[in-house]
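Here are some short exercises on helix packing and empty space, each with a worked solution. Keep the viewer open and try each task before reading on.

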Amino acid sequence: MTLTKHEFKTLFDQHFDAIRNYIYYRSGDSDLATDLAQDVFLRLWEKQQDYHPKATVGLLYKMAGDEFISQYRRQKLDLNYKNSLAFEMEDVSPEEELEYKELQQRYEKALAGLPEKQRVVFLMSRMDGLKYHEIADRLNISVKAVEKRMKNALDDLKSKFKVR
Amino acid sequence: MKDEANDSKQTNDILAKLDRLNDRLEVPYSRSKADVWAAMETQLETKAPAKTIKLIHRPMFRLAMAASVLLVVGLIGLMRFYAVEVSTIPGQQLVVDLPDGSTAQLNAVSVVTYHPYWWRFSRILDFEGEAFFEVENGNRFSVHSSNGSTTVLGTSFNIYSRDENYRVACLTGTVRVNENKGDSLAILTPNEKAELKKSGGFEVIKDINFKDEAAWVDDEFYFYNRPLKDVLREVEVQYGVVIKGKDVIDGERIYQMTGRLIRSETSVEDILQIICRTFGELNFRQAKDKEYVILKEE
C-alpha cells in the first residue's frame with residue numbers, strides 16, 4: 001500500500017510544524033526551515049513508499065536532518081553568528097512586556113550558545129511539548145540520550161540565568 | 001542544606017519563567033503552513049504515478065542490444081568464413097605458412113584454401129593438386145579434396161590429388177585417409193602410401209621410399225610404373241606447356257614408364273625426347289610456343 005494523498009495530507013497536518021521547527025532549531029534560519037521542510041514532504045511523496053505511521057515519521061526527520069546537513073555544507077552557514085534564534089512574542093500584557101522582552105533576549109542568546117544537539121532536544125521538549133520518548137523516536141536516539149541532553153541544556157541555562 | 005534548597009527553588013523559578021515565556025514565543029515564519037500546503041498541492045496533482053521503464057525496454061537499449069548481437073555475429077561470421085586461397089601457376093612451387101606454424105609446400109598448379117581466423121578452432125583446408133604437408137602437433141588437421149580426405153594430428157605427408165587420382169604418402173606420424181564417395185578408409189604409418197583405385201577403395205602400399213614419392217620437393221621427377229598420361233600431365237604442370245595428341249596412347253598397349261630426372265637440368269624437349277625414345281613408336285613436334293603434339297608412327 002503506497003501512501004495515498006489523504007494519508008499524505010494527514011501526515012503533513014500532523015508533522016509539518018514539528019519538522020519545520022526541528023530544522024529551525026538546528027539552523028536558526030526560518031526561511032531555510034520552511035523551504036527544507038516543504039522539500040522533505042515533496043520528496044517523501046515522490047518516493048511513493050509504503051506507509052507505516054511510525055517509520056514514516058522517523059524517515060521525515062531523517063530526511064530533514066540529511067537535507068539540512070547538505071544545505072549547511074553547501075552554503076557554509078555560520079549559524080552561531082548570522083542566524084541566531086529569534087522568536088516572536090504574542091499575547092503579552094503591556095505591564096509584562098518589558099520584563100519578557102528582556103528575558104527573551106537573554107533566552108535567545110543563551111539558546112544560541114547551547115550545542116546544537118542540546119538545543120534541538122531542549123526546544124522540541126519545551127516549545128513543541130514533545131515527550132522524551134517521542135523525541136527519542138523521531139531523532140532515532142535513545143531516551144537516555146534525550147535525558148542527558150536535556151539535563152546538560154538545563155544546567156547550562158541555569159548557570160546563565162542565575163540571580164546573583 | 002539551606003543553600004541547596006535555595007538553589008533548587010531558584011532553578012524552578014527560572015524554568016517556570018522560561019516555560020511561561022516559551023508559551024508566548026513563536027518562530028517567526030514568513031509562510032504559514034497553509035501557504036506551504038497550497039504551494040505543494042499543485043505539484044502533487046501533476047505528479048503522475050512514477051512510471052518505471054526497465055532498462056531493457058528502452059528503445060535505445062534494444063537497438064544497442066540488436067547492434068551488438070549483430071556485431072558479434074558478424075565478427076564470428078567473418079572469422080568463420082573469411083578464407084585465404086593460395087594457388088600456384090605451372091612451374092611454380094610455394095610454401096604456405098599456416099597460422100599455427102604448420103606448412104604446406106605446394107607443387108605446381110595446386111590450390112589450397114583455409115580460414116586463418118578460424119584456424120585455432122578447426123584446422124581444415126580445401127586442397128587440390130599436390131603438396132607436402134608438415135603439421136604441428138595439435139587438434140585434428142584435415143585436408144579435403146574432391147576425391148578424398150586426409151586427417152592427421154601432427155605429422156608430415158604428401159598428397160597428390162589431380163583429376164581422378166588421389167594418393168597420400170605418409171612420412172611421419174599417423175595419417176587417416178577417407179574416400180569421399182563410399183566409406184572406405186586407410187590408416188597410414190610412416191613410409192606407407194594409399195592410392196585410390198579406379199574401382200573405389202584404397203590400395204595401401206607398404207615400405208615406399210618417401211623421397212621418391214615426394215621427389216618433386218627436391219626438384220626431381222620420379223616415376224615408377226606411372227601411366228604415360230600421368231607423366232605427360234606432370235610435364236604440362238611443371239613446365240607450363242600444353243601437350244596435345246594424348247589420345248594416340250589410348251590404344252591397346254599400356255604405356256607405363258619409370259625414371260628419375262632433375263627438373264631444373266632438363267628441358268621440355270629433353271623430357272619428351274626421352275619419353276618418345278623409350279616407347280620407340282612415338283614422336284613429337286612443337287606446334288607453337290609452349291604447345292607440343294605427340295604423334296604415333298604407324
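**Exercise 1. Find how many cavities of 30 Å³ or more the structure holds, then describe the second largest.**

Step 1. The structure holds two cavities of 30 Å³ or more. A cavity here is a set of points, on a 1 Å grid over the protein atoms alone, where a 1.4 Å probe fits but cannot get out. This is a predicted model, in which local features need pLDDT of at least 70 and side-chain atom pairs count only at pLDDT 80 or more, while totals for chains, interfaces and linings use all residues. Residues are numbered from 1 along each chain as its sequence is written, chains are lettered from A and ligands numbered from 1 in the order in which they are written, and side-chain values use heavy atoms, with hydrogens and water left out.

Step 2. The volume of the second largest cavity is about 40 Å³, counted as the space filled by probe spheres set on the points.

Step 3. Its lining, meaning residues with an atom within 4 Å of a point, consists of A:L3, A:L44, A:Q49, A:D50, A:Y51 and A:T56. By class, three are nonpolar, two polar and one charged (Ala, Val, Leu, Ile, Met, Phe, Trp, Tyr, Cys and Pro count as nonpolar, Asp, Glu, Lys and Arg as charged, and the others, Gly among them, as polar).

**Exercise 2. Work out which element gives the most to the lining of the largest pocket.**

Step 1. The largest pocket contains about 510 Å³ of space; a pocket is an open set with protein on both sides within 12 Å along at least five of seven lines.

Step 2. It is lined by 26 residues, and B:D212, B:E213, B:Y222, B:Y224 and B:R226 are the closest to its centre.

Step 3. In chain B, helix 4 (210-213), strand 15 (220-227) and helix 5 each supply at least two lining residues (helices are DSSP runs of H or I with at least four residues, strands are runs of E with at least two, numbered from the N terminus). Strand 15 of chain B gives the most, with eight residues.

Step 4. The lining divides into ten nonpolar, five polar and eleven charged residues.

**Exercise 3. Describe how helix 5 of chain B packs on helix 6 of chain B.**

Step 1. The axes of helix 5 (residues 228-239) and helix 6 (residues 268-279) of chain B come within 11 Å and cross at roughly 170°. Axes are lines fitted to C-alpha atoms over the stretch in contact, and angles run from 0 to 180 degrees between N-to-C directions.

Step 2. Helix 5 of chain B is therefore roughly antiparallel to helix 6 of chain B (the cut-off is over 145 degrees).

Step 3. On helix 5 of chain B, B:L228, B:V231, B:L232, B:V235 and B:Y239 meet B:V268, B:I271, B:L272, B:I275 and B:F279 of helix 6 of chain B, with contact meaning heavy atoms within 4.5 Å. This contact has ten nonpolar, no polar and no charged residues.

**Exercise 4. Classify the packing of helix 7 of chain A and helix 8 of chain A.**

Step 1. Helix 7 (residues 132-139) and helix 8 (residues 143-161) of chain A pack at about 110°, with axes 8 Å apart.

Step 2. Helix 7 of chain A is therefore roughly perpendicular to helix 8 of chain A (65 to 115 degrees).

Terms used:
Parallel < 35°, antiparallel > 145°, perpendicular 65-115°, else oblique.
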